[in-house]
Amino acid sequence: MFLSRRESPRQVGGQALVGPVTVPGDPAGAYLEGERRGLAVYAPGGYHWIPGLGDEVLALKAGEAGESPCVLGVASQAAGLRPGEVLIQAGECSILLSPENGVEIRGRLTVNGSVLGPLPEAEKEEESC
C-alpha cells in the first residue's frame, strides 16, 4: 500500500507587527522591531492609500524568513458606525455608505471639474448680499 505524505505549510517569520509610520509615502518607513524603510504599501483592489507620518500601521513580515515586511493598513476608527456601514474619510471630507440612509457626502463635491457643493466661503458671502 502506497501512502502519500503531505507536508503541512511552514510559517517561517510570518508574523504581524504594529508601529508608527516614520517615513510617509509608498514605499513607507515604520518603527516595528526597529526602524524599517522601503515597506511596500498594500490596500484592497481599486483603493489607493498612502500612510501619513505617525499613523499606527499593521505590517506583515512576508517572505521565507520575514525579510520583506509590508504595510497592510491602519487601525480602524469606526466609532459611531453601525453594522453594514462603510466610511471613507480624508481629513474633513468623507463618504458614508449606509444600508438604511444611502450615500452621504461631506465636503466639496466636484464632478468632471464642476463644483456641485458646498459653495466656497467667498461665494456664500456674495450670495447673502
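Does Arg-37 count as buried or exposed, and at what relative accessibility? In this predicted model, Arg-37 sits at 59% relative accessibility, so it goes down as exposed, the cut-off for that class being over 50%. Its side chain isn't left alone, though: Arg-37 and Glu-35 meet in a salt bridge, with N and O 3.3 Å apart. Glu-35, at a relative accessible area of 40%, is partly exposed.

Stepping back to the overall layout, the chain comes to one helix and 10 strands. The order of elements is easy to remember: starting from the N terminus, it runs β-β-β-β-β-β-β-β-β-β-α. Of the 129 residues in the chain, 20% count as buried. As for how the chain meets itself, take the contacts between residues at least 6 apart in sequence: 35% of these join residues at least 24 apart.

Back to the charged side chains. The structure holds five salt bridges in total, and the pair formed by Glu-33 and Lys-61, at 3.1 Å from N to O, is one of them. This pair links distant parts of the chain, its two residues being 28 apart. Glu-33 belongs to the loop between β2 (28–31) and β3 (35–41), while Lys-61 belongs to strand β4 (residues 56–62). The two ends of the bridge also fall into separate burial classes: Glu-33 is exposed, with a relative accessible area of 57%, whereas Lys-61 has a value of 17% and is therefore buried, being under the 20% cut-off. As a general point, side chains of opposite charge can pair when their charged atoms come close.

Another bridge joins Glu-104 to Arg-106, where the closest N and O atoms are 2.7 Å apart. Salt bridges with shared partners also tie Arg-82, Glu-85 and Glu-100 into one network. Glu-104, for its part, counts as partly exposed at 34% relative accessibility.

Glu-85, a member of that network, deserves a closer look. It is found in the loop between β5 (68–74) and β6 (86–90). With a relative accessible area of 12%, Glu-85 is under 20% and so counts as buried. Its side chain also reaches the backbone nitrogen of Arg-82, at 2.9 Å. Setting aside residues up to four places away in sequence, Glu-85 touches Gly-80, Leu-96, Leu-97, Ser-98 and Pro-99.

Ile-105 is part of strand β8 (residues 102–106). Its relative accessible area is 44%, so it is partly exposed, falling between the 20% and 50% limits. With neighbours within four places in sequence left out, Ile-105 is in contact with Ser-94 and Ile-95. For the first of these partners, Ser-94, the C-alpha atom is separated from that of Ile-105 by 5.8 Å, although the two residues are 11 apart along the chain.

Two spots in the backbone stand out from the usual pattern. Most residues other than glycine have a negative phi, and most peptide bonds are trans. The peptide bond from Asp-26 to Pro-27, however, is cis, with omega near 10 degrees. Pro-27 lies in the loop between β1 (16–23) and β2. The other spot is Asn-112, a residue other than glycine with a positive phi, near 50 degrees. Asn-112 is placed in the loop between β9 (109–111) and β10 (114–117), and its relative accessible area of 78% makes it exposed.

That leaves the pockets. The largest pocket holds about 900 Å³ of space. Its lining is made up of 25 residues, and those nearest its centre are Tyr-47, Val-74, Ala-75, Leu-87 and Gln-89. Strands β5, β6 and β7 (93–98) each give at least two residues to this lining, with β6 supplying the largest share, five residues. Sorted by class, the lining of the largest pocket has 17 nonpolar residues, along with five polar and three charged ones.

Definitions and conventions:
Residues are numbered from 1 along each chain as its sequence is written. This is a predicted model: local features need pLDDT of at least 70, side-chain atom pairs count only at pLDDT 80 or more; totals for chains, interfaces and linings use all residues. Side-chain values use heavy atoms; hydrogens and water are left out. Helices (H or I, at least four residues) and strands (E, at least two) are DSSP runs, numbered from the N terminus. Buried means under 20% relative accessible area, exposed over 50%, partly exposed in between (1.4 Å probe, protein chains only). Contact means heavy atoms within 4.5 Å. A polar contact is a pair of N or O atoms within 3.5 Å; within protein, one must be able to donate a hydrogen and the other to accept it, and residues adjacent in sequence count only if both atoms are side-chain atoms. A salt bridge is a side-chain nitrogen of Lys or Arg within 4 Å of a carboxyl oxygen of Asp or Glu. On a 1 Å grid over the protein atoms alone, a cavity is a set of points where a 1.4 Å probe fits but cannot get out, and a pocket is an open set with protein on both sides within 12 Å along at least five of seven lines; lining residues have an atom within 4 Å of a point. Grid points are joined across faces, edges and corners, and a volume is the space filled by probe spheres set on the points. Ala, Val, Leu, Ile, Met, Phe, Trp, Tyr, Cys and Pro count as nonpolar, Asp, Glu, Lys and Arg as charged, and the others, Gly among them, as polar.
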